[in-house]
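Here are a few exercises to work through with the model open beside you. Try each task before you read its solution.

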Amino acid sequence: MTETYSSDCRMLEVRRLGVIPYAEALELQASLVDDRREGRIPDQLLLVEHPHVITVGASGDARHVLSDEGERALLGVELFEVGRGGDATYHGPGQLVGYPVLDLKPDAKDLRGYLRRLEQVLIAAVASLGVEAHAVDGLTGVWVGDAKLAAIGVRVSSGWITSHGFALNVSTDLRYFDTIVPCGLEDRSVTSLSEVLGRAVAMEDAATAVVEAFVSLFDLKVLVV
């Protein structure tokens, strides 16, 4: 007998997938969104790292990609236009990327509320690692001072199923952000946990902190880690 997972199922399957190409992550999310909509799987949280890639959201401005095709080729950076919210961002080694595939029905059908809860997850996670971060009114993401520590860009498909998600700079080479105007904000800098703390932060520690904060703030029970 095949088990089904309704919209009020409170279980979360966490998949730590290591380094995977961005295109592979897009395909996997599309498949999982369909499966979650049909109740074949519980809520999901994918935790990954990507090779160097720039992504531009549906409302993004192509002028915020500062590197041309030749420069990106030299740096080994791919470029994708994707169907999430937000502007241009960078993903790469040393950055923890999370893709929640959640059913927001029946009582969480609020896009702004979902974004704010993701911010609180990341703020709580980095607090457990010794970093005091905050949200900024009118700007999506998580900040330390005026520097962006984590970017958030999501998509909510039919049936209130989420995809895309957040990117937390753990030990990211921040020089790659020079290839874009991060999130379209010209007057803001970017930082990482390692830069703020002045020491190396293990990706595993960051991932564990995010999972613990996620299940707490979304009131979910971890099915698999």
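**Exercise 1. Decide whether arginine 63 is buried or exposed, and find its salt-bridge partner.**

Step 1. Take the accessibility of the residue. Arginine 63 has 68% relative accessibility and therefore counts as exposed, given that buried means under 20% relative accessible area, exposed over 50%, and partly exposed in between (1.4 Å probe, protein chains only).

Step 2. Look for the partner. The side chain of arginine 63 meets that of aspartate 61 in a salt bridge, at 2.7 Å from N to O. The term stands for a side-chain nitrogen of Lys or Arg within 4 Å of a carboxyl oxygen of Asp or Glu.

Step 3. Recall the principle: side chains of opposite charge can pair when their charged atoms come close.

A word on the source: this is a predicted model, in which local features need pLDDT of at least 70 and side-chain atom pairs count only at pLDDT 80 or more, while totals for chains, interfaces and linings use all residues. Residues are numbered from 1 along each chain as its sequence is written, and side-chain values use heavy atoms, with hydrogens and water left out.

**Exercise 2. Describe the salt bridges of arginine 36 and arginine 116, and give the total count.**

Step 1. Arginine 36 pairs with aspartate 43, and their closest N and O atoms are 2.8 Å apart. Both arginine 36 and aspartate 43 are buried.

Step 2. For arginine 116 the partner is glutamate 119, with the closest N and O atoms 2.8 Å apart. Why are these two separated by about one helical turn? Because they lie 3 residues apart in helix α3 (residues 111-127). Helices here are DSSP runs (H or I, at least four residues), as are strands (E, at least two), and both are numbered from the N terminus.

Step 3. Compare the surroundings of the pair. Arginine 116 is partly exposed, with a relative accessible area of 35%, whereas glutamate 119, at 2% relative accessibility, is buried.

Step 4. Count over the model: there are 9 salt bridges by this rule.

**Exercise 3. Place strand β3 among its neighbours and say what covers its faces.**

Step 1. Start with the parallel neighbour. Strand β3 (residues 53-56) pairs with strand β4 (residues 78-81) in the parallel sense over 4 bridges; two strands pair if DSSP finds at least two bridges between them. Valine 56 has glutamate 81 as its bridge partner in β4.

Step 2. Turn to the antiparallel neighbour. Strand β5 (residues 88-91) runs antiparallel to β3 and is joined to it by 4 bridges. Here valine 53 has histidine 91 as its bridge partner.

Step 3. Follow the connection. Together, β3, helix α2 (residues 69-75) and β4 form a right-handed β-α-β unit: with the strands pointing away from the viewer, the path from the first strand over the helix to the second runs clockwise. In the loop between β3 and α2 sits glycine 57, which is buried at a relative accessible area of 6%.

Step 4. Check the faces. In a regular strand the side chains alternate between the two faces of the sheet. In β3, Val53 and Thr55 are on one side and Ile54 and Val56 on the other, and all are buried, with both faces covered.

**Exercise 4. Characterise the largest cavity and the second largest pocket.**

Step 1. Settle the terms. On a 1 Å grid over the protein atoms alone, a cavity is a set of points where a 1.4 Å probe fits but cannot get out, and a pocket is an open set with protein on both sides within 12 Å along at least five of seven lines; lining residues have an atom within 4 Å of a point. Grid points are joined across faces, edges and corners, and a volume is the space filled by probe spheres set on the points.

Step 2. The whole structure holds 1 cavity of 30 Å³ or more, and the volume of the largest cavity is about 80 Å³. Its lining has 13 residues, with Thr89, Lys148, Ala151, Asn169 and Phe177 nearest the centre.

Step 3. The second largest pocket has about 170 Å³ of space. Helix α1 (22-37) gives the most to its lining, with 4 residues.
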